[in-house]
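Hello,

I am passing this structure on to you, with some notes below on what turned up in it. Please have a look at the model before reading on.

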Amino acid sequence: MTDANNDHLNSLNNAAHDGCAEFQAQLPELIGDNQDASLHPHVQGCANCAELVRDLMYIAQQAKLLLPLHDPSPELWNKIEAQLPTKG
Ligand SMILES: [Zn+2]
């Protein structure tokens with residue numbers, strides 16, 4: 001084994017697929033637009049990014065489920081308050 005061989009392996013790992021950085025830069029936008037990022041052509045040929053997309057979409061889904069609770073409308077609060085038993 002020579003150092004040259006190690007360098008070659010490292011550069012193979014680093015190279016991964018062309019376009020990963022570019023694709024990952026677009027990912028938040030795709031997911032934010034409710035687009036199915038897993039259908040992106042890059043994902044079809046890149047297991048790394050396919051996994052990343054799966055994780056991100058899962059997180060985005062959880063975040064959307066929680067989102068309505070972050071900013072309830074005043075009307076909603078009034079309804080909730082009206083149903084609360086008064087504390088004595
Ligand atoms: Zn990729």
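Over which residues does pLDDT stay under 50? That is the case for residues 9-15, and there the model has zero contacts beyond four places in sequence. Here pLDDT is the predictor's confidence in each residue, from 0 to 100, and two residues are in contact if their C-beta atoms, placed from the backbone, lie within 7 Å. Where pLDDT is low, the predicted coordinates should not be read in detail.

A word on conventions. This is a predicted model, in which local features need pLDDT of at least 70 and side-chain atom pairs count only at pLDDT 80 or more, while totals for chains, interfaces and linings use all residues. Residues are numbered from 1 along each chain as its sequence is written.

On confidence overall, the protein has an average pLDDT of 76, and 72% of the residues score at least 70. Among its elements, helix α1 (residues 3-15) has the lowest mean pLDDT, 50, and helix α3 (residues 41-44) has the highest, 92.

The fold has five helices and zero strands, in the order α-α-α-α-α along the sequence. Helices (H or I, at least four residues) and strands (E, at least two) are DSSP runs, numbered from the N terminus.

Of the 88 residues, 7% are buried; that label needs 20 or more other C-beta atoms within 10 Å of a residue's own, with 12 or fewer for exposed, partly exposed in between, and C-beta atoms placed from the backbone. The largest nonpolar core has six residues: F23, L30, A37, V43, C49 and V53. Helices α2 (20-32) and α4 (47-70) each give two or more residues to this core. Such a core is a set of buried Ala, Val, Leu, Ile, Met, Phe, Trp, Tyr and Cys residues joined through C-beta atoms within 7 Å. Beyond four places in sequence, F23 is in contact with H40, H42 and C49.

L27 is also in helix α2, but it counts as partly exposed because it has 19 C-beta neighbours inside 10 Å. Outside its neighbours within four places in sequence, L27 is in contact with A37, V53 and L56.

One last detail is that N34, just after α2, takes a positive phi of about 65°.

Best wishes
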